[in-house]
Amino acid sequence: MDILHAAVLGILQGLTEILPISSSAHLILVPWLLGWPESGLTFDVGLHVGTLIALCVYFRRDIAYLLSDAVTGLREGFGSQTSRLPFYIIAGTVPAAIVGKTMEEPIEAFFRGSHTLIAVLLIAFGLLLALADTTGPKRWRMDRVDLRGALLIGLAQCLALVPGVSRSGITITAALFLGFTRDTAARFSFLLSLPIVAGAGILKMGELARHGIPAGELAPLLTGMATSAVSGYLGVALLLRLVQRYSLYPFVWYRLLAGGAVLAYLFTR
């Protein structure tokens with residue numbers, strides 16, 4: 001992988017991991033369409049670390065409050081919703097962590113060559129996002145998050161292992177169906193993703209530490225990390241601004257067009 005490929009894929013990872021349009025689908029489809037080589041473990045580590053940096057920098061105040069509230073809850077009891085919220089996030093992370101640990105490799109192996117199915121899932125889950133955005137009552141904010149809601153959204157997050165679904169897309173969809181506002185749905189989705197992204201990065205760094213960085217891959221790793229961090233930060237800012245002022249339909253239309261374009265290419269080549 002050269003520096004240009006690393007930069008393009010880093011930008012793709014940062015934006016598509018954050019926006020509800022599926023990073024795994026883009027990281028499979030774009031190299032396939034362009035005839036680029038697969039990224040490999042070293043580059044995957046850089047992408048995950050870059051995305052984690054973007055989330056941690058953007059939500060640094062939220063993270064500080066959550067840590068403070070968790071300590072307060074452990075010391076003084078969980079009488080307030082704010083003291084319980086950090087543990088709701090942990091509870092919501094558990095289903096995806098278990099499924100990810102046991103099923104990530106077989107799911108990735110199955111879908112990596114299933115370009116038609118990935119395109120169909122881009123469209124299908126785009127339509128589901130549209131349904132949630134249209135019919136969800138959008139009345140609850142972060143102070144109404146409870147254990148039941150966190151677990152349901154966490155269970156939905158398990159589907160994000162499938163390319164074409166999107167982690168942020170499916171968790172925002174679930175939160176909208178449960179009645180949360182767009183802004184709350186997006187913000188809770190990102191907070192819920194932090195432990196998963198961090199865990200995935202740590203596991204992959206452990207693998208990389210065992211195998212070492214192959215010769216010539218340090219520069220692409222650093223490039224992917226930097227570009228995914230910058231584009232991820234911008235992606236968070238863009239999504240939160242859009243959901244505060246408009247709707248999620250720009251991402252729905254993008255998913256429909258992207259999925260349709262891939263299907264058209266597959267059926268006409």
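Analyst: Before we look around, one definition helps: helices (H or I, at least four residues) and strands (E, at least two) are DSSP runs, numbered from the N terminus. The model we are looking at is predicted.

User: How much of residues 151-180 is helix, and how much is strand?

Analyst: That span is 60% helix and 0% strand, and its end C-alpha atoms lie 15 Å apart. Residues 218-240 are 100% helix and 0% strand, with 33 Å between the end C-alpha atoms. An unreviewed UniProt entry lists both spans under "transmembrane region", along with 40-59, 109-131, 186-206 and 252-268.

User: How many aromatic pairs are there, and why is the one between W32 and Y265 called edge-to-face?

Analyst: A search of the whole structure finds six aromatic pairs. In this one, the centres are 5.7 Å apart and the planes meet at 80°. Rings pair if their centres lie within 6.5 Å, and planes over 60 degrees apart count as edge-to-face, so the label follows from both values. The partners come from distant parts of the chain: W32 belongs to helix 2 (residues 23-34) and Y265 to helix 11 (residues 249-268), 233 residues apart.

User: What makes W32 count as buried, partly exposed or exposed?

Analyst: Its relative accessibility is 23%. Buried means under 20% and exposed means over 50%, so W32 is partly exposed. Y265, at 37%, is partly exposed too.

User: How do you know what kind of pair Y58 and F59 form?

Analyst: Their ring centres are 5.1 Å apart and their planes stand at 65°, so this pair is edge-to-face. Y58 is partly exposed at 25% relative accessibility, whereas F59 is buried at 0%. Both belong to one aromatic cluster with F190 and Y233.

User: What makes R144 sit over the ring of W140?

Analyst: The charged end of R144 is 3.8 Å from the ring centre. The distance limit is 6 Å, so that value passes; the rule also asks for a position within 35 degrees of the ring normal.

User: Which kinds of residue line the second largest pocket?

Analyst: The lining divides into 12 nonpolar residues, no polar and no charged. Among them are C56, F87 and P195; Cys, Phe and Pro count as nonpolar. Helix 4 (60-76), helix 5 (81-111) and helix 9 (182-211) each supply at least two of the lining residues. The pocket holds about 270 Å³ of space.

User: And how many cavities are there?

Analyst: The count comes to one cavity of 30 Å³ or more. The largest cavity has about 50 Å³ of space, so it passes the 30 Å³ limit for a cavity where a probe fits but cannot get out. Its lining is E17, I18, L55, R167, S168, S189, F190, S193 and V197. These divide into four nonpolar, three polar and two charged; Glu and Arg count as charged. Helix 9 gives the most, with four residues.

User: Why is D69 given its exposure class?

Analyst: D69 has a relative accessible area of 22%, so it is partly exposed. D69 lies in helix 4, and its C-alpha atom is 24 Å from that of S168, 99 residues away along the chain.

Note on methods:
Residues are numbered from 1 along each chain as its sequence is written. This is a predicted model: local features need pLDDT of at least 70, side-chain atom pairs count only at pLDDT 80 or more; totals for chains, interfaces and linings use all residues. Side-chain values use heavy atoms; hydrogens and water are left out. Rings of Phe, Tyr and Trp (its six-membered ring) pair if their centres lie within 6.5 Å; planes under 30 degrees apart count as stacked, over 60 as edge-to-face and the rest as tilted. Buried means under 20% relative accessible area, exposed over 50%, partly exposed in between (1.4 Å probe, protein chains only). On a 1 Å grid over the protein atoms alone, a cavity is a set of points where a 1.4 Å probe fits but cannot get out, and a pocket is an open set with protein on both sides within 12 Å along at least five of seven lines; lining residues have an atom within 4 Å of a point. Grid points are joined across faces, edges and corners, and a volume is the space filled by probe spheres set on the points. UniProt positions are given in the numbering used here, feature names are shortened, and annotations may be inferred rather than shown by experiment.
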